[in-house]
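Colleague: I would like a close look at one part of this protein, the disulfide. Please set it in the context of the whole chain.

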Amino acid sequence: QVQLVESGGGLVQAGGSLRLSCAASGRTFSSQHMAWFRQAPGKERELVAAITWSGISTVSVSGRFTISRDTAKNTVYLQMNSLRPDDTAVYYCAAGFNGGSDWRLYDYWGQGTQVTVSS
C-alpha cells in the first residue's frame, strides 16, 4: 500500500515557475514507477511526466517541466518552468508497478493539487 500527498500548487502568472512535491508513504515506494498527470475541466487526464523506479524519466511537456525523485525522502518532484495558462489543471501524483502513459496502469493516486496560471 502506498499513500501519496501532493503539495506546491497555487496561482502563478504566465512565465512563472512552481515545484510540486509528492510525498509517499509505504515500504514499496522505491520499486514503484511514479508519474504526474493533470486534468483540466472538460478534458481527459493526461500524462505530464513519469519516472521509473530506476530513475529514467519521460516528460510530455518537454523543455519546460522536469520530474525527479528522491528515494531517501520518498518524494517525487515536478519542476514546472515557463508556465502558460493552458497548464492550468489539477495535478495528480500516481504510483504503480507498471508505469507508462496510461493513467489506468497506476495503482495509487494522490488527492490532487490545483495549479492555476494567469495570463
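Modeller: What follows starts with the disulfide and then moves outward to the rest of the protein.

First, the ground rules. This is a predicted model, in which local features need pLDDT of at least 70 and side-chain atom pairs count only at pLDDT 80 or more, while totals for chains, interfaces and linings use all residues. Residues are numbered from 1 along each chain as its sequence is written, and side-chain values use heavy atoms, with hydrogens and water left out.

Now the bond. A search of the whole structure turns up one disulfide, the term meaning a pair of cysteine sulfur atoms within 2.5 Å. The partners are Cys-22 and Cys-93, with sulfur atoms 2.1 Å apart. Cys-22 sits in strand E3 (residues 18–25) and Cys-93 in strand E9 (residues 89–96), so the pair ties together parts that are 71 residues apart in sequence. Strands (E, at least two residues) and helices (H or I, at least four) are DSSP runs, numbered from the N terminus. The torsion about the S-S bond of Cys-22 and Cys-93 is about -80 degrees, so this disulfide is left-handed.

Next, the surroundings of the two cysteines. Cys-22 is buried, at 0% relative accessibility. Cys-93 is buried too, with a relative accessible area of 0%. Buried here means under 20% relative accessible area, exposed means over 50%, and partly exposed lies in between (1.4 Å probe, protein chains only).

Strand E1 (residues 3–7) holds Gln-3. Leaving aside residues up to four places away in sequence, Gln-3 touches Ala-23, Ala-24 and Ser-25. Touching is a contact, that is, heavy atoms within 4.5 Å. The C-alpha atoms of Gln-3 and Ala-23 are separated by 8.1 Å, and the two residues are 20 apart along the chain. Gln-3 counts as partly exposed, at 38% relative accessibility.

Now the chain as a whole. The protein has 11 strands and zero helices. The radius of gyration of the protein is 13 Å, close to the 14 Å that the globule rule gives for 119 residues, so the protein is as compact as a globular protein of that length. That radius is taken over C-alpha atoms, and the rule is 2.2 Å times the number of residues to the power 0.38. Along its principal axes, the C-alpha trace spans about 40 × 30 × 25 Å. Of the 119 residues, 43% count as buried. Among contacts between residues at least 6 apart in sequence, 57% join residues at least 24 apart.

The surface comes next. The protein exposes about 6,100 Å², and carbon and sulfur atoms supply 48% of it. Such areas come from the Shrake-Rupley method with a 1.4 Å probe; for residues, only the protein chains shown count as cover.

Two loop residues deserve a look at their backbone. Most residues other than glycine have a negative phi. Asn-74 has a positive phi of about 50 degrees, although it is not a glycine. Asn-74 lies in the loop between strand E7 (65–70) and strand E8 (75–80), and is partly exposed at 22% relative accessible area. Ser-82 also has a positive phi of about 50 degrees and is not a glycine. Ser-82 is in the loop between E8 and E9. Its relative accessible area is 42%, which makes Ser-82 partly exposed.
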